[in-house]
Amino acid sequence: MSQENTSANCLNIITTSIEDDAFQKKGHSARILSPEEVERLAKDQVLVSEFKQLKLEKEAQKNWDLFYKRNSTNFFKDRHWTTREFQELKACREFADQKLTILEAGCGVGNCLFPLLEEDLNIFAYACDFSPRAVEYVKKNALYSTERCKVFQCDLTKDDILENIPADSVDVVTLIFVLSAIHPDKMHLVLKNIYKVLKPGKCVLFRDYGLYDHAMLRFKPGSKLGENFYVRQDGTRSYFFTEEFLSQLFKAEGYEQVANEYVQRETVNRKEDLCVPRVFLQGKFQKPFSKS
């Protein structure tokens, strides 16, 4: 893969680039496109063939496994912003030293998991990923300890999570840049699965790509799979969420919405003289005490 393509692929998959400065705002309004961006999206209406789409779905696990084979543990930055962004990880305690049980659904190679375990010694974490290779990288990490966490391979769209986690036992579930990699028709299966292990009254913390993120606008013609859904050059896929779609997705599976908003970041990379508009969707959804 050429350096140009590698750089484009990085922008299409990572949460943040190397940055000198960033300006952030939160709200319920989607990013406003420039006339040039509107024109570019309007021209990109041709979808990938049904044959190729079925092939991508069938080979989804293989493509992510190959991704981790190529990039090892070096691609994603460790996500030390998690506890800052989601104070729920601290605020949900009933007393200061209460032991929390969390589930990181789609843990990758542990870029979110291990910073959390380092920052909070009173957390026990379950963690799972679609990719067997990613799970092996987590287990080989020097910080991995079976006393602090249990990691396992799982396809959350079809494997019963109760085989690894007791029902109604988890205080917080994190879904951080996970659902976007799954076909929109199957996203509800993930939410249905994790609902079973979440304690009543506890929450799913969500963060993922938002509509009109810079990564969405960089896809070349021939990458579109459906509305707001694209394929990268390496065969991995990405969906870009609207606030309305996410809200309906969670509510349909019995969750109550606590928070759901766009996070718009204007990332300034002074080294390369770039201003990159990033858009994410951040939400918090609660399992009710009694399902209506």
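**S180**

I started with S180 and listed what it touches, not counting residues up to four places away in sequence: D208, Y209, F229, R237, S238, Y239 and F241. Contact here is heavy atoms within 4.5 Å. I then placed S180 in the loop between β5 and α9. Helices (H or I, at least four residues) and strands (E, at least two) are DSSP runs, numbered from the N terminus. S180 counts as buried, at 3% relative accessibility. For the record, buried means under 20% relative accessible area, exposed over 50%, and partly exposed in between, with a 1.4 Å probe and protein chains only.

A note on what I am reading: this is a predicted model, in which local features need pLDDT of at least 70 and side-chain atom pairs count only at pLDDT 80 or more, while totals for chains, interfaces and linings use all residues. Residues are numbered from 1 along each chain as its sequence is written, and side-chain values use heavy atoms, with hydrogens and water left out.

**Next door: A181 and F177**

A181 is also in the loop between β5 and α9. Which residues does A181 touch, leaving out those up to four places away in sequence? I found W64 and R237. A181 and R237 are 56 residues apart in sequence, yet their C-alpha atoms are 5.2 Å apart in space.

F177 lies in the loop between β5 (170–176) and α9 (187–195). I noted its phi near 55°, a positive value in a residue other than glycine. Most residues other than glycine have a negative phi. F177 is buried, with a relative accessible area of 14%.

**Y212, for comparison**

I looked for another positive phi and found Y212, at about 70° although it is not a glycine. Y212 sits in the loop between β6 and α10 (214–218). With 21% relative accessibility, Y212 counts as partly exposed.

**The sheet β7-β8-β9**

F229 was among the contacts of S180, and I met F229 again in β8, as the bridge partner of G226. Strand β8 covers residues 229–231 and runs antiparallel to β7, with two bridges joining them. Strands count as paired if DSSP finds at least two bridges between them. The whole sheet is open, with three strands in the order β7-β8-β9 and antiparallel pairing. Why do β7 (224–226) and β9 (237–239) each have one side without a neighbour in the sheet? They stand at the edges, each with a single partner strand, so that side is left free. On average, neighbouring strands of this sheet are turned by 25° against each other, direction ignored; the axes are lines fitted to C-alpha atoms, and angles run from 0 to 180 degrees between N-to-C directions.

**The largest pocket**

I then turned to the largest pocket, which holds about 660 Å³ of space. W64, F130, V178, A181 and I182 are the closest to its centre among the 37 residues that line it. The elements giving two or more residues to this lining are α3 (50–58), α4 (60–71) and β3 (123–129). Of these, α4 gives the most, with four residues.

My note on the method: on a 1 Å grid over the protein atoms alone, a pocket is an open set of points where a 1.4 Å probe fits, with protein on both sides within 12 Å along at least five of seven lines, and lining residues have an atom within 4 Å of a point. The volume is the space filled by probe spheres set on the points.

I sorted the lining into 18 nonpolar, nine polar and ten charged residues. Asp, Glu, Lys and Arg count as charged, Ala, Val, Leu, Ile, Met, Phe, Trp, Tyr, Cys and Pro as nonpolar, and the others, Gly among them, as polar.

**Helix α9**

Which residues of α9 are buried? I listed M187, V190, L191, N193, I194 and Y195. They pack against β2 (100–105), β5, β6, β9 and α11 (243–252).

**β6 and β11**

Seven bridges pair β6 (residues 198–209) with β11 in the antiparallel sense. Along this pairing, L205 stands opposite K284 in β11. Strand β11 (residues 274–286) is mostly covered, with ten of its 13 residues buried.

**N122**

N122 is in the loop between α7 (113–119) and β3. It is partly exposed, with a relative accessible area of 26%. Leaving aside neighbours within four places in sequence, I see N122 in contact with R93, D97, Q98, K99 and L100.

**The chain overall**

I closed with the totals: the chain has eleven helices and eleven strands, and buried residues make up 55% of its 292 residues.
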